[in-house]
Amino acid sequence: MELLDARNDFIFKKIFGSENNKDVLLAFLNSTFLEAGEPPLTEITLLNPYTDKEDPTEKQSILDIKARTTEGKLINIEMQLFNPYNMEKRTLFYWSEMYYHQIKKGENYNLLKKCVTINILNYSCLPNDRYHSIFHLREDVTGIPLNDDIEVHVIELTKLEDHAVSMTGGLVNWLLFLQGVDQPNWEALTVNEPMLKKAMTTLEFLSQDRATRMAYNARMKYLSDEVSRTEGAWAEGKARGEAEGKADMARDLFALGVDISVIAKASGLSEEEIKKIVSH
């Protein structure tokens, strides 16, 4: 049986974002927060648990996982199989929405609780070699925090190459599972990470379910189409920008009295194209 890819956000949410697997999510979060030097969570409340009503092919469908701790801290976990581009700005935008919507207009700001964003990326984003980067809001020179309300985790699966299975457990083993480590190595991953076994069992069950596999294939097609549209738009914009740049160069050189044949060599445009540009 071919296993479904747990990096697909639809499958990821079914494994980690359902009420039945809340203990799996809690174990994953505690492995993540342990690397940040934070105390473990004892309980979480899912704010948008997975339901069968969620359509993975809907245009506006964002299959993230939202949770709240007993202290009121808000957590948002998002899996990105493909690069949506502008991830840094996108992260701050969604973090700010989570922070802003905690209180109503006129309510006291001291009601605002810490918000944590965890982005799990199947591509490289940051200019470092760390698979797990943690960001806070701190003063440049002294390092003192402005406050502790913002925390952003960027987990890059592509930077796991040098990390073997950890016999002491921890976040690396969870990430290797997500990355798709071969099933014969699963038992080693679960040493000191017993909840990983439940995640694995869930993935096996989902992989055998015909309806889930059909929804998974539809989601993969939708995500692939989105990538094609995004990259096509980017390439089109780049080509348009290059064309506009060449046109501007031709106008500037023509205004300086440079011969059209010289402008053609410098810009790569034909003499006919240059004549049309400078005549408008």
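**Figure 1. Nonpolar surface patch around Phe93 in the predicted model.** In this predicted model, Ile62, Phe93 and Tyr94 make a nonpolar surface patch of about 270 Å². Of these residues, Phe93 has its place in helix α3.

**Figure 2. Salt bridge between Lys73 and Glu38****.** The closest N and O atoms of Lys73 and Glu38 are 3.7 Å apart. Lys73 lies in the loop between β2 (65-69) and β3 (74-80), and Glu38 in the loop between α2 (22-35) and β1 (44-46), so the salt bridge ties together parts that are 35 residues apart in sequence. Lys73 is buried, because its relative accessible area of 14% falls under the 20% limit. Glu38 also has a relative accessibility of 14% and counts as buried.

**Figure 3. Surroundings of Lys73 in the loop between β2 and β3****.** Leaving aside residues up to four places away in sequence, Lys73 touches Glu38, Leu41, Ala67, Arg68, Lys113, Lys114 and Val116. Glu38, one of these contacts, is the salt-bridge partner shown in Figure 2. Lys114, also in contact with Lys73, appears again in Figure 4 as the partner of Asp148.

**Figure 4. Salt bridge between Asp148 and Lys114****.** The two side chains meet with an N to O distance of 3.0 Å. Asp148 is in the loop between β5 (132-135) and β6 (150-156), while Lys114 is in the loop between α3 (87-100) and β4 (115-121), so the pair ties together parts that are 34 residues apart in sequence. Asp148 is partly exposed, with a relative accessible area of 43%. Lys114, by contrast, is buried, with a relative accessible area of 13%.

**Figure 5. Network of linked salt bridges****.** Side chains of opposite charge can pair when their charged atoms come close. Here Glu38, Lys73, Lys114, Asp148 and Glu151 are linked in a network of salt bridges. The network includes both residues of the Lys73 and Glu38 pair, as well as Asp148, Lys114 and Glu151. For the model, the count of salt bridges comes to 15.

**Figure 6. Salt bridge within helix α9****.** Lys275 forms a salt bridge with Glu272, the closest N and O atoms lying 3.9 Å apart. Both residues belong to helix α9 (residues 271-278); they are 3 residues apart and therefore separated by about one helical turn. Lys275 counts as partly exposed at 40% relative accessibility.

Note on methods. Residues are numbered from 1 along each chain as its sequence is written. This is a predicted model: local features need pLDDT of at least 70, side-chain atom pairs count only at pLDDT 80 or more; totals for chains, interfaces and linings use all residues. Side-chain values use heavy atoms; hydrogens and water are left out. Helices (H or I, at least four residues) and strands (E, at least two) are DSSP runs, numbered from the N terminus. Buried means under 20% relative accessible area, exposed over 50%, partly exposed in between (1.4 Å probe, protein chains only). Patches are made of residues with over 30% relative accessible area and no salt bridge: like charges are joined within 9 Å, nonpolar side chains (Val, Leu, Ile, Met, Phe, Trp, Tyr) within 5 Å. Accessible areas come from the Shrake-Rupley method with a 1.4 Å probe; for residues, only the protein chains shown count as cover. Contact means heavy atoms within 4.5 Å.
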